[in-house]
Amino acid sequence: MMQSSNKKQIKINLPGGVVAAGDLYEILVLAQNANATHIRFGNRQQLYFEIDGYELEALDTELLNAGVDYEANAAEYPNIVSSYIADGIFNQENWLKEGVYKDIFDLFDYKPLLKINIVDGSQTFAPFFTGNLNFIASSVSNYWYLQIRYPKTNIVYSWPSLIYSEDIPAVAKAIEELIFANKQLFYDQQEINSLLLHQMVTADRDFVIQQIDQPLKLPDFQLPYYEGFNKQGNKYWLGIYRRDELFAIELLKEICNLCMQTRIGQLYISPWKSLLIKNIEPADRPLWGNILNKYRVNIRHASNELNWQVEDLCSQCLQLKQQLVREFEEADLRTYRLSFVIKRSPKSGLYGSIIIRVRGTDLYEISHTQDFNPNTKEVIVYRQGVPANELSIHLMALCSEFYARQSTELKQVATITDDAPEAKGITVHQCDDCLTIYDEAYGDEHNGILPGVSFAGLADYECPVCGSAKDAFKPVLIEGNKFAYTASL
């Protein structure tokens, strides 16, 4: 009987984006035994590789024997994201050190179904708010802010007290259990009683808390250059980025072997789909250079290629990124302090200063976050209905606008008076659930609606992105080509 050769995408979570060199080597060997040749890393610091379907049964046995959890063609369990990778190289000195992260990870006695982020509040390398439960280190030693983004909503709740480090897993588990046991209250709802959730979580549990003395303050965004050899005190760290997101298994095996030979205990996966190795001794640097030479690894990419987020396993997004990067290079475009994201799914959880959303066949929407800080939640639409071949033109103009703002010391403040003239513009309709726009000037190609059809004239209309009914759309006034809304990133 011929076995199926359908492809299986294997996902392995690496909690916090950190993995022991020996453990990663074992995973690589098992992947290679299943005839995989390359590894990919994901936005949530996970690991992917592809195999033929008939290899899955043998791989399952091997991974089970190695104690490695995995998912095949599924993503039910999102990885725990952390800024552990930034410790000592991309953050400011504070109480949050390697041991604190490890202690927290070790206390998780379950596999989270909700997205959890555990990040240092002083860095901007790992995202703050792309999780459902976002724990952000405060200035008080071993205490964390908690920002909850309820599943399948844009509703964010700030927990009213700081949470102790060792309570993070228990608090996360209690919140998750209550949300999934009470979906009618806390899951995919237009309105949520956050006070009720807080009361239910704390009713019969004794967590260590600290009062919030000062509100959470986000640092100004600046993506560090995370590639190549760099000084780390009296040692070095090495960052490796791959333009096609593919890391050859043989390359990674040699990296793991050299780590073990030179007593480097662990490796780090970044949310930018790159690999970092810390604590390289100066005497060992030539050994690392030999590996890079052997596998022809380039570590001198332009920074405007490194500051992109694209959806995992999305070849279309990656191709679009590569096209735009080439056009940016040709224009010698400055993108310092900016980051870009390409989104197809409204719930992808990606973040960036400038967001490019797929809005139909060969049509895109360009927006940017308030003050161009990707960790904020205010999003301003800049252009709609942009064809792919015009994207770079509008993106370059938006970058120019950003630097014009940066170079202007005095900011104009708009005032509203009772006798202000009525705003001129056009009205579009926006989905409350995923923020998709229906503009009658463009129609909706996905639903077979031609340009010029009014929203009022639509019968039984559904959102082309999330499937919400027509009554989920609300009218929004656009002045010129811009309007603002609050959205979850």
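**View 1. Asn-35 comes just after helix α1 and takes a positive phi of about 70 degrees.** This is a predicted model. The helix before Asn-35 covers residues 21-33 and has 13 residues. From first C-alpha to last, α1 reaches 18 Å, close to the 18 Å expected at 1.5 Å a residue. Several of its residues are buried: Ala-21, Leu-24, Ile-27, Leu-28, Leu-30 and Ala-31. An α-helix has 3.6 residues a turn, so residues three or four places apart point the same way. Look for that spacing among Leu-24, Ile-27, Leu-28 and Ala-31, which are among the buried residues of α1.

**View 2. Five strands form an open sheet with antiparallel pairing.** Read across the sheet, the order is β5-β1-β4-β3-β15. The edges belong to β5 (71-72) and β15 (247-248). Each edge strand has a single partner, so one side of each is left without a neighbour in the sheet.

**View 3. Strand β3 meets β15 through two bridges.** Strand β3 spans residues 38-41, and the two strands run antiparallel. Find His-38 here: opposite it, in β15, stands Ala-248. Strands of a sheet pair through backbone hydrogen bonds, either parallel or antiparallel.

**View 4. Strand β19 covers residues 340-343, and its residues are all buried.** Phe-340 and Ile-342 point one way. Val-341 and Lys-343 point the other way. In a regular strand the side chains alternate between the two faces of the sheet. Note that Lys-343 is buried along with Phe-340, Val-341 and Ile-342.

**View 5. Strand β19 pairs with β18 and with β20 in the parallel sense.** Strand β18 (residues 308-310) pairs with β19 over three bridges. Within that pairing, Gln-309 has Val-341 of β19 as its bridge partner. Four bridges join β19 to strand β20, residues 354-360. There, Phe-340 has Ile-354 of β20 as its bridge partner.

**View 6. A helix joins β18 and β19 in a left-handed β-α-β unit.** The helix is α10, residues 315-330. Trace the unit from β18 through α10 to β19.

**View 7. Pro-387 lies in strand β22, residues 378-387.** Is Pro-387 buried or partly exposed? Pro-387 is partly exposed, because its relative accessible area is 21% and buried means under 20%. Leaving aside neighbours within four places in sequence, Pro-387 is in contact with Asp-362, Leu-363 and Tyr-364. Pro-387 and Gly-360 are 27 residues apart in sequence. In space, C-alpha to C-alpha, Pro-387 and Gly-360 are 9.7 Å apart.

Terms used
Residues are numbered from 1 along each chain as its sequence is written. This is a predicted model: local features need pLDDT of at least 70, side-chain atom pairs count only at pLDDT 80 or more; totals for chains, interfaces and linings use all residues. Side-chain values use heavy atoms; hydrogens and water are left out. The expected span of a helix is 1.5 Å times one less than its number of residues. Buried means under 20% relative accessible area, exposed over 50%, partly exposed in between (1.4 Å probe, protein chains only). Two strands pair if DSSP finds at least two bridges between them. A crossover is right-handed if, with the strands pointing away from the viewer, the path from the first strand over the helix to the second runs clockwise. Contact means heavy atoms within 4.5 Å.
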